[in-house]
Amino acid sequence: MKTKLHLIAGSICSVMTASALLGAMSVWADGTTIITNIPASPYLTAETTGTLTMQVAEGRDITVQIVKQEIEGSDVYYQTTLKGGSTYRFSLDSCEYDPESKTDAASFLVTVSDSKDASCTYSEELVVKDPGFYPNEISASAFTWNITTQESESQSHTEASTEQPSVVDGVWTGSRSVALYYLNYLLGDVTGDSEIGINDAYTALLYYSQESAGQKVTFASLGSKLTEIAAFSAADIDHDKSISIDDAYRILRYYATISAGGTPSWD
């Protein structure tokens, strides 16, 4: 399966924040709501008959990826970060339709995640109807997502209320209300002091050593249950739901890179 990466506004970076894109975006008023148009994907065809509007509540930023899935492969149309307290609009083209099976052979996979807690995510497929197959019935497709974020003790927990798509005044339309529940932590910052240092690596290594020796182990000295969960998540660098010597090593390597004046990475 092929996968292409959309480079927004000609940037060499695959992911850009919404603030970095403002110079390339147009901003206009729709009633009382200011909507920021995301620059059109280079993969859009002439049949750009769909839109997805995302309203992000005040609070944390979210990341968005929109991938068009077709029989022959997939294209990443959009991949960006949206600021909390803002509304954005994405342009989408019509999805492939198979007249023999009378089903849509293409769709868009839309994924939203908390910008700091990637495990807190929600995905859903959207179909932009091709008006050519629905004469005098559908002229366009329009979807609206309302997204909120909230701190929680449950990582990767999402909720969504869905209004099933239907035809309204000639438009194939649907809405979603998505709540993302995140853990407030910094990857690698096991001690919770907002820095990544040698003590974080030591704490993760101590946890692993005691657990390997069969001892009951927690980050008990760090405080509440929520803090305990956040500390565990911060130490679990590879997100495999366990603390290993490799996690401790990667924290130490990250710290060493910073100390040497380099650019750290978790890869």
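Helices (DSSP runs of H or I, at least four residues) and strands (DSSP runs of E, at least two residues) are numbered from the N terminus. The model is predicted, and local features need a pLDDT of at least 70, side-chain atom pairs count only at pLDDT 80 or more, and totals for chains, interfaces and linings use all residues. Residues are numbered from 1 along each chain as its sequence is written, and side-chain values use heavy atoms, with hydrogens and water left out.

**The whole chain**

Display the protein chain as a cartoon; 4 helices and 15 strands are present. Next, consider burial, for which three classes serve: buried (under 20% relative accessible area), exposed (over 50%) and partly exposed (in between), with a 1.4 Å probe and protein chains only. Of the 267 residues, 41% count as buried. A contact means heavy atoms within 4.5 Å. Among contacts between residues at least 6 apart in sequence, 64% join residues at least 24 apart.

**Strand 14: serine 161**

Select serine 161, which has its place in strand 14 (residues 157-168). Is serine 161 exposed or only partly exposed? Its relative accessibility is 42%, so serine 161 counts as partly exposed. Leaving out residues up to four places away in sequence, serine 161 touches Ser175, Arg176 and Ser177. Add asparagine 146 to the selection: serine 161 and asparagine 146 are 15 residues apart in sequence, and their C-alpha atoms are 9.9 Å apart in space.

**Strands 13 and 15**

Select strand 13 (140-151) and strand 15 (171-182). Two strands pair if DSSP finds at least two bridges between them; strand 13 and strand 15 pair in the parallel sense over 12 bridges. Within this pairing, tryptophan 145 has arginine 176 of strand 15 as its bridge partner. Because 9 of the 12 residues of strand 15 are buried, this strand is largely enclosed by the rest of the structure.

**The nonpolar cores**

A nonpolar core is a set of buried Ala, Val, Leu, Ile, Met, Phe, Trp, Tyr and Cys residues joined through side-chain atoms within 4.5 Å. Show as sticks Leu52, Met54, Ile66, Leu82, Phe90, Val112 and Trp145, the residues with the most contacts inside the largest core, which has 33 residues. Several strands each supply at least two residues of this core, including strand 5 (50-56), strand 8 (86-92) and strand 12 (121-126). Which strand gives the most to this core? Strand 15 does, with 4 residues.

Centre the view on methionine 54. Beyond residues up to four places away in sequence, methionine 54 touches ten positions by name: Val64, Leu82, Ser86, Thr87, Tyr88, Phe90, Val110, Val112, Trp145 and Ile147. Another core lies apart from the largest one; it has 20 residues, among them Leu187, Val190, Ile243 and Ala248.

**A buried glycine**

Select glycine 188, in the loop between strand 15 and helix 2 (198-212). With a relative accessible area of 0%, glycine 188 is buried. Neighbours within four places in sequence aside, glycine 188 is in contact with Ile196, Asp200, Ala234, Ile237, Ile251 and Trp266. Phenylalanine 232 is 44 residues from glycine 188 along the chain, and 9.7 Å separates their C-alpha atoms.

**Two loop residues with positive phi**

Most residues other than glycine have a negative phi. Select lysine 102, in the loop between strand 9 (97-98) and strand 10 (103-104); its phi is near 55 degrees, a positive value. Lysine 102 is exposed, with a relative accessible area of 64%. Then move to aspartate 169, in the loop between strand 14 and strand 15. Aspartate 169 has a positive phi of about 50 degrees, and at 77% relative accessibility it counts as exposed.

**The largest pocket**

On a 1 Å grid over the protein atoms alone, a pocket is an open set of points where a 1.4 Å probe fits, with protein on both sides within 12 Å along at least five of seven lines; lining residues have an atom within 4 Å of a point. A volume is the space filled by probe spheres set on the points, which are joined across faces, edges and corners. The largest pocket has a volume of about 390 Å³. Select Thr63, Asp114, Ser115, Lys116 and Ala118, the closest to its centre of the 18 lining residues. Strand 11 (107-114) is one of the strands that each supply at least two lining residues, and the largest share, 4 residues, comes from strand 11.
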